Amino acid sequence: MKKSGKVFMISIAMAALAMGSMAVMAEELPKDQAIMVVSFGTSYNDSRDITIGAVENAIAEAFPEYDVRRAFTSQIIIDKLEERDGLEIDNVTEALDRAIEDGVKTLIVQPTHLMDGYEYNDVFDEVAEYADQFEKVVIADPLLTSDEDFKQVVSAITKATEEYDDGETAICFMGHGTEADSNEVYAKLQDVLTEEGYDNYFIGTVEATPSLDDVLAAVGEGNYKKAVLEPLMVVAGDHANNDMAGDEEDSWKTAFENAGYEVECLIKGLGEMESIQQIYVAHTQAAIDWLAE
């Protein structure tokens, strides 16, 4: 199994027959090699379809020889979707059990997480417990891993917002943030933006650093009249709609308005961008290539 450049693989002999598929992308009987796309999940149906669903579709299109499957890590979201919409989505354990039951021999796990943080590591640990149930298993990298990933994400977010780049608008992206060491990806992304000459782009987080106060202070050093706010998250879900764009006193929107800026909120997840989808495709390809070595 592969994880962020550190790899191990357990090979065993299996003789399982393929059974009925619950795969997201295929109507046919499951193949003996599968790609499990693992996401935190969201209860915002429209956003889920055009973000997580779009990433899954891009991977399925790039690798038609693989059975592409979906798993969420948030049991709260899974339970809510089942109760509210009658929608059944596997958690990681259920998805792994289903893959074994269906006779999958080669498993590629592609998380849609931004970084190698707590949730990504939880997925790795859970898959590791099942490693001896597959002939080959590998976990692909999250979105922001290599230096090239950072450059490509900067290119994606700046192109997606270039119409607002008028010299008097601060373009601010709100990430989730984490207590894990991987929180440093936000500062690194800010550094790459600065190196590329995007001085009017700012990166902050909801639950870590840079904080909202940090972003407001940085924006305040310029002569900006307007602020555009957009989530630095794969899905535009609860954080984007409430913590960023909500009318509550502690939202980013309210804070920027109180600071005197004209504010526009873009409720768009990173997963909507084709260029972001293709980074995940490239990471999946790299994992497949590693197994072939």
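## Pocket, sheets and a cis peptide bond

The lining of the largest pocket divides into 15 nonpolar, 13 polar and five charged residues. Please keep in mind that this is a predicted model. In total, 33 residues line the largest pocket, whose volume is about 930 Å³. Which residues lie nearest its centre? They are F40, E119, H176, M233 and H239. Three helices each supply at least two residues of the lining: helix 3 (75–85), helix 5 (118–128) and helix 9 (238–244).

Now to the sheets. One open sheet has four strands in the order 4-3-5-6, with parallel pairing. Strand 4 (67–72) and strand 6 (136–139) stand at its edges, and each has a single partner strand, so one side of each is left without a neighbour in the sheet. On average, neighbouring strands of this sheet are turned by 20 degrees against each other, direction ignored. Strand 5 (residues 106–111) runs parallel to strand 6, and four bridges join the two. Within this part of the sheet, T106 stands opposite K136 of strand 6.

Two helices pack on this sheet. Helix 4 (residues 92–101) touches strand 3 (33–39), strand 4 and strand 5, and the direction of helix 4 makes about 150 degrees with that of strand 4. Helix 5 touches strand 3, strand 5 and strand 6, with a direction at about 170 degrees to that of strand 6. Helix 5 is also one of the helices that supply at least two residues of the pocket lining.

The other open sheet described here also has four strands, in the order 8-7-9-10, and the pairing is parallel. At the edges stand strand 8 and strand 10 (262–265); each has a single partner strand, so one side of each is left without a neighbour in the sheet. From one strand to the next, the twist averages 25 degrees. Strand 7 (residues 169–175) pairs with strand 8 in the parallel sense over five bridges. Here F173 has I203, in strand 8, as its bridge partner. Helix 8 lies across strand 7 and strand 8 and runs at about 165 degrees to strand 8.

The helix directions relative to a strand can be set side by side:

| Helix | Strand | Angle |
|---|---|---|
| Helix 4 | Strand 4 | about 150 degrees |
| Helix 5 | Strand 6 | about 170 degrees |
| Helix 8 | Strand 8 | about 165 degrees |

What about the loop that leads to helix 8? Between strand 8 (201–205) and helix 8 (212–220), the loop holds P210. The peptide bond from T209 to P210 is cis, with omega near -5 degrees. For context, most peptide bonds are trans.

Finally, a word on charged contacts. How many salt bridges does the structure hold? There are 10, among them the one in which the side chains of E56 and R70 meet at 2.7 Å, N to O. E56 lies in helix 2 (residues 52–62) and R70 in strand 4, so this pair ties together parts that are 14 residues apart in sequence. Strand 4 is also an edge strand of its sheet, and helix 4 touches strand 4 as well.

Technical notes:
Residues are numbered from 1 along each chain as its sequence is written. This is a predicted model: local features need pLDDT of at least 70, side-chain atom pairs count only at pLDDT 80 or more; totals for chains, interfaces and linings use all residues. Side-chain values use heavy atoms; hydrogens and water are left out. On a 1 Å grid over the protein atoms alone, a cavity is a set of points where a 1.4 Å probe fits but cannot get out, and a pocket is an open set with protein on both sides within 12 Å along at least five of seven lines; lining residues have an atom within 4 Å of a point. Grid points are joined across faces, edges and corners, and a volume is the space filled by probe spheres set on the points. Ala, Val, Leu, Ile, Met, Phe, Trp, Tyr, Cys and Pro count as nonpolar, Asp, Glu, Lys and Arg as charged, and the others, Gly among them, as polar. Two strands pair if DSSP finds at least two bridges between them. Axes are lines fitted to C-alpha atoms, for helices over the stretch in contact, and angles run from 0 to 180 degrees between N-to-C directions. Contact means heavy atoms within 4.5 Å. A salt bridge is a side-chain nitrogen of Lys or Arg within 4 Å of a carboxyl oxygen of Asp or Glu.
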